[in-house]
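Work through these exercises with the sequence and the model open side by side. Try each task before reading its solution.

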Amino acid sequence: MDPLYMANSLFRRRRFEDCVQVCTEILEANPYDQAAWFLKLRSLTEQTYVDEVDMDEEGIAEAFLDDTAIADVARPGTSLKGPPGTTSRGLSQGIRPVSQSGRPLSGFVRPGTQGGRPGTMEQALRTARTAMTARPVTSASGRHVRLGTASMLTEPGGPFVDVSKLNMSKYSQRPALAKALFEYLFHHENNVRAALDLAALATEACQFGDWWWKIQLGKCYYRLGMYRDAESQFKSSLKHFSTIDMFLYLGKVYVKLDQPLSALDYYKRGLEKFPNNTSLLIAIARIHEGLNDLDSAVEYYRQVLKYDSTCVEAIACIGTHHFYNDQPEIALRFYRRLLQVGVYNAELFTNLGLCCFYAQQYDMAISCLLRGLQLSPNDDNTADVWYNIGHITLAVGSVSLAYQCFKLALTSNNSHAEAYNNLGVIEWRRGRGEQAMTCFQSSASISPHLYQPHYNLAAASEKTGNLHSSYSCVKKSLEVFPEHLDSAELMKQLQQHFAAL
Amino acid sequence: MRFCNGAATVTSFPWEPAIPINIASSAAGGDVCAEPFPPFLFVCVFWRREKMSARTHPVSRQRSPDDQENSGISGAGAWLDAHYDPVASLYTFSSCMALEDLNRDGDHKGPSLSFETPLLDLPHGGQRLLHGQPLTPELQPLPWQQARCLRLQELRPYFNLPYPTFSKSLSFPILHIPVSVTLREGNKEVPLSVRSLKYLQLEDDAELQASFLATFRHIPLRRKSVITAMAILKKSHTEDDAVSCLVVASENGDIYVLDPEAFTVLKQFLLPSPAVFLSVTGLHDVDYHISAACRDNCIYTFKSGASTTPRYKIPLASQPCGLQRINKDVVVGCMDDSLASYSVKGRRQWSLRLPASLTCMELLHHRPRSFKAVVVALQNREVRIYKDKFLVNCITVDDVVVGLKFGPFGREDGVLLMVTQGGALLVKILKRSVSFEAKDLTPGPPAAQLDKLNIPKRTRVYVEQMAREKANASTMHSVFQQDLSRLRLQITQAYAKAVTSRLTPLTASPDCSLKIAAQVQGLGPIFRLTVTVQNTSPSKPVTNCYITFRCDEGLYRITRKFIQMPLLVPTVSYNFDTMVQCTDDMGRAEEISVYVVQNHTSTPLITAVLNMPVSETIIVT
């Protein structure tokens, strides 16, 4: 069989490593075989191809050294950063737990839903930078670096294309080759600057008339953190032609620039061109969720489900929404659907167990939770499952079991702030004030975004007569959750105390 | 309370002579009857009607900068200070205050003392009473005294109406001693005259009794009574100047409606208890209601008609302090600091708690805006205005207000006169532009509480599940119990494992309770590892402890592998740190266990497990 045909067939069947091998053999025989070279380029690229449209994580450096932010204190409802507005239409923190950025927990973990914007540098460096939830220093490093390096290391005979010796202007004149080379440089080599050079020359070669090159230019600028340039490239390519990707890229740029409303605007314009496109709908829903407008987010997720009934993100988010809106039986339906779709992991079984329990389907509840415990792949997940089991045992009425569960959660994950807090409450009830205070303090120092340990610490200090520390704690609690009534009440009491002094 | 026991007049009126305000007072005379109320001094403030408008305004208006402000709760914006005399030496209550145009010539010369008339006895109330032809010059106000009715005409005492005497229904135990015994033993109350009571007191002494009888045999029995409340009932027209009847309540528990001309009793009502406040609506010739708040903590309502007994009875929680009628409802203030509104039939419309005890009440009827509200003076020196149950305005006065009167005075339609406990007189004009808004400004349950809770609807799925539960209740229960015991076992096993191998970051053993927390800082390849150890026992220090680590030796290099800890003082947290270098550049990360161990033991006391972050070595190279 003709080896090139063979390689082509392998490429089509997405057996890229075999394809590369065949191409290498052809190239060894004839180093100037452009077709083989092209095919090898493509298959190498395909191996490391990442859909750039997907959300990417925000590095610590970007969160801190943010030079694109327009205002420190944005108007409520116009920023994804900072504390959510007090006039949020979502549920209060008392009902739906929050992530570290003070936003309600999403039903679907994606980059950016957990981190948010840390308050201090120390917090940013400290918070859960584990192998599982690693938060890169910058987005320029992190995943892209790892991917690029991985591909580099696997090559025995040195790099396939020596970037430093490439004659960019020669390749830019040949559109087909240039495009493949660009993707190789961008995805496989992860050499964004070289890719940018090539893209700039190529778009010049076609008299700035090719929308594809403009998108690539925008992608390069985005990767380099030049968001305004990326924005202008995407906009300019949108004049020639419109694809779904363009709107998604633009939305991504605006999210980076912290202009969620502009992003929403472009997504909606995209929907006019491509009605009912699920990617656009999901993007809109995500932005609404980021703005703490959960009702609208769920509305869009529902629309997604109309056209794509297997969208895991939409199902999970709607399920979570129903669960925290006192409709566990509906949430149960959604989670069951996830099981049908093929999701089979600890989180899902834990959620199923919780929904069963709260919807009074007691025969299923505990077995689901135990299954979740079995399936949990790492300590962080195990801690969460133990924590939830602790809640169930509390509801069943067994405080000592709950105590053990929370302690097990802490054993699995030493920085499980919620478990520390609940453990503290149980200790307080048992009359061991010192231990309780220690637990509250640990919880508060691990997760300053939770209001419960602050309030508990304040209440306990108030009981023990330590009014000053009680005051400082209740102040923190009110900072995190200004509408918390008990904190406000305690604050008032303390102020009266101090006034009387 | 200060009393003025001088024979004649209240002095220290710094006003000009021609004052349309009449202050008359009299000292307590020695009357036979022992009144149940303290010797009040009487003040009658009469109102002058103004017809002309050519002159400047007689009431000195003090324009304050906050005139234009909206009427807030502070109350300053709604009122103009017309007059304030802190040394007016008026000792009176609302019932003795009335507003009247004395000369009926519409002439108004500003607030000043007009005349004084000594009264023979302490007055209990004063009312403006119009009788005879409407608008005739001799229409005069009429104060009543305890057993007399005094009518002033030409600004002088004019007519003294003797209180009706009653010989009927009085029994006199003259016939036989057993009668008095039955009287005392029987539960039925028999009204006795003072003389009969005296006689009964003499029952031990037969001689004295005989002489008592001999002395008083020919003098007819008469029971004297005192007036406890007065009100005015319009005869046949509702106009301001229409002829009106006097309604009088007595200590005996009677209410009389008197004829405006002849002062004969037109109608008598019987109450089970003496009335303290009267409130009257309607017209005598058409239909009327009389509400009386009585000393037995009840409000009785009479209707015109043949019946002399009360038609409705409203029991109160406490003694009434004031009674006003707004439209069809009765607003009553009680001694338990409450203000409540009842319908005529006794249904409570609303009730609210006042911040202090109530001293007096007055109806604020602002005719130009047809606004009706209740003015309430409180012991905390506030005068509050309630429209329905909503506080619409609040005035703070320097002293406790004991007398209130609202009505037309001078050229103003709405003037509030206040007499304080110290005897000061305040006159405040209600601004014409003011409109009180009945907003709920009272502290209490927030408005959000009234909102309907967003309880999700009962879904179809829920109903289906409920049906399933009903059908399989016993199996579900047994499965749940089985699962629960399985869960219990699993928890206990896991906990036992964690405790025996000391995996927990907290110890709970009685001899040594420690807490450990470990943090990693830095981006790599060199991290700083901080271990925080705290002795959580309340009093027991911990000694001879060490920190040691366990990790993949090929991956991490720890600078201080063994840290000796000093004596751990209770409740103080200690930080120990060490450097950790990641020697791997493949992006691997593992966990590091931190142990706290004690001398001579093979198992650690506590353990902290640290998930190391991915080292950022690559960008450096």
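**Exercise 1. A strand with two partners**

In which sense do strand 20 and strand 21 of chain B pair, and over how many bridges?

Solution. Note that the model is predicted.

Step 1. Locate strand 20 at residues 358-366 of chain B. It pairs with strand 21 of chain B in the antiparallel sense, over 8 bridges.

Step 2. Check the register. B:C360 faces B:A377 of strand 21 of chain B.

Step 3. Look at the connection. The two strands make a hairpin, with 4 residues between them. In that turn, B:S370 has a positive phi of about 40 degrees.

Step 4. Turn to strand 22 of chain B, residues 382-387. Strand 21 of chain B is joined to strand 22 by 4 bridges, and the two run antiparallel. Here B:V374 has B:Y386 as its bridge partner.

Step 5. Inspect the second hairpin. Strands 21 and 22 of chain B have 3 residues between them, and B:R381 takes a positive phi near 65 degrees.

Now explain why strand 21 of chain B is largely enclosed by the rest of the structure.

Solution. Strand 21 spans residues 371-378 of chain B. Of its 8 residues, 6 are buried, so the rest of the structure largely encloses the strand.

**Exercise 2. Two open sheets**

Give the strand order of the open sheet of chain B that contains strand 27, and find its edges.

Solution. Step 1. The sheet has 4 strands in the order 27-28-32-30, with antiparallel pairing.

Step 2. Strand 27 and strand 30 (556-558) of chain B are the edges. Each has a single partner strand, so one side of each lacks a neighbour in the sheet.

Step 3. From one strand to the next, the twist averages 30 degrees.

Step 4. Follow one pairing. Strand 27 of chain B runs antiparallel to strand 28 (residues 526-535) of chain B, with 8 bridges between them. Within this pair, B:A518 stands opposite B:V531.

Do the same for the open sheet of chain B that contains strand 2.

Solution. Step 1. This sheet also holds 4 strands, ordered 2-26-25-24, and the pairing is antiparallel.

Step 2. Its edge strands are strand 2 (79-85) and strand 24 (401-409) of chain B, which pair on one side only.

Step 3. The twist averages 20 degrees between successive strands.

Step 4. Strand 2 of chain B pairs with strand 26 (residues 425-430) of chain B over 6 bridges, in the antiparallel sense. B:H83 has B:V427 as its bridge partner.

**Exercise 3. The contact between the chains**

How many residues does each chain bring to the contact, and which helix of chain B supplies the largest share of its side?

Solution. Step 1. Chain B gives 42 residues and chain A gives 40 residues.

Step 2. List the elements of chain B that each supply at least two residues: helix 5 (460-471), helix 6 (473-500), strand 27 (514-521), strand 34 (606-611) and helix 7 (617-620).

Step 3. Helix 6 of chain B has the largest share, with 12 residues.

Step 4. Sort the side of chain B by class: 26 nonpolar, 11 polar and 5 charged residues.

**Exercise 4. One cysteine in chain A**

Is A:C405 buried or exposed?

Solution. Step 1. A:C405 sits in helix 21 (residues 399-412) of chain A.

Step 2. Count its C-beta neighbours inside 10 Å: there are 28. The cut-off for burial is 20 or more. A:C405 therefore counts as buried.

Step 3. Name its contacts, setting aside neighbours within four places in sequence. They are A:W386, A:I389, A:G390, A:T393 and, from the other chain, B:I491.

Step 4. Compare sequence and space. A:V385 is 20 residues from A:C405 in sequence, and their C-alpha atoms are 9.2 Å apart.

Step 5. Consult the record. An unreviewed UniProt entry places "repeat: TPR" at several spans of chain A, including residues 383-416. That span is 82% helix and 0% strand, with end C-alpha atoms 7 Å apart.

**Exercise 5. Nonpolar cores**

Which residues touch the most other members of the largest nonpolar core?

Solution. Step 1. The largest core has 159 residues, and A:A195 and B:I516 touch the most other members.

Step 2. Beyond four places in sequence, A:A195 touches A:F182, A:L185, A:F186 and A:C220.

Step 3. A separate second core has 84 residues, among them B:L99, B:C245, B:A340 and B:V415.

Notes
Residues numbered from 1 in each chain as written. Chains lettered and ligands numbered in written order. Predicted model: local features only at pLDDT ≥ 70, side-chain atom pairs only at ≥ 80, totals over all residues. Contact = placed C-beta atoms within 7 Å. Nonpolar A, V, L, I, M, F, W, Y, C, P; charged D, E, K, R; others polar. Buried ≥ 20, exposed ≤ 12 C-beta atoms within 10 Å, placed from the backbone. Pairing = 2+ DSSP bridges. Core = buried A, V, L, I, M, F, W, Y, C linked by C-beta atoms within 7 Å. Axes fitted to C-alpha atoms, helices over the stretch in contact; angles between N-to-C directions. UniProt positions renumbered as here; feature names shortened; annotations may be inferred.
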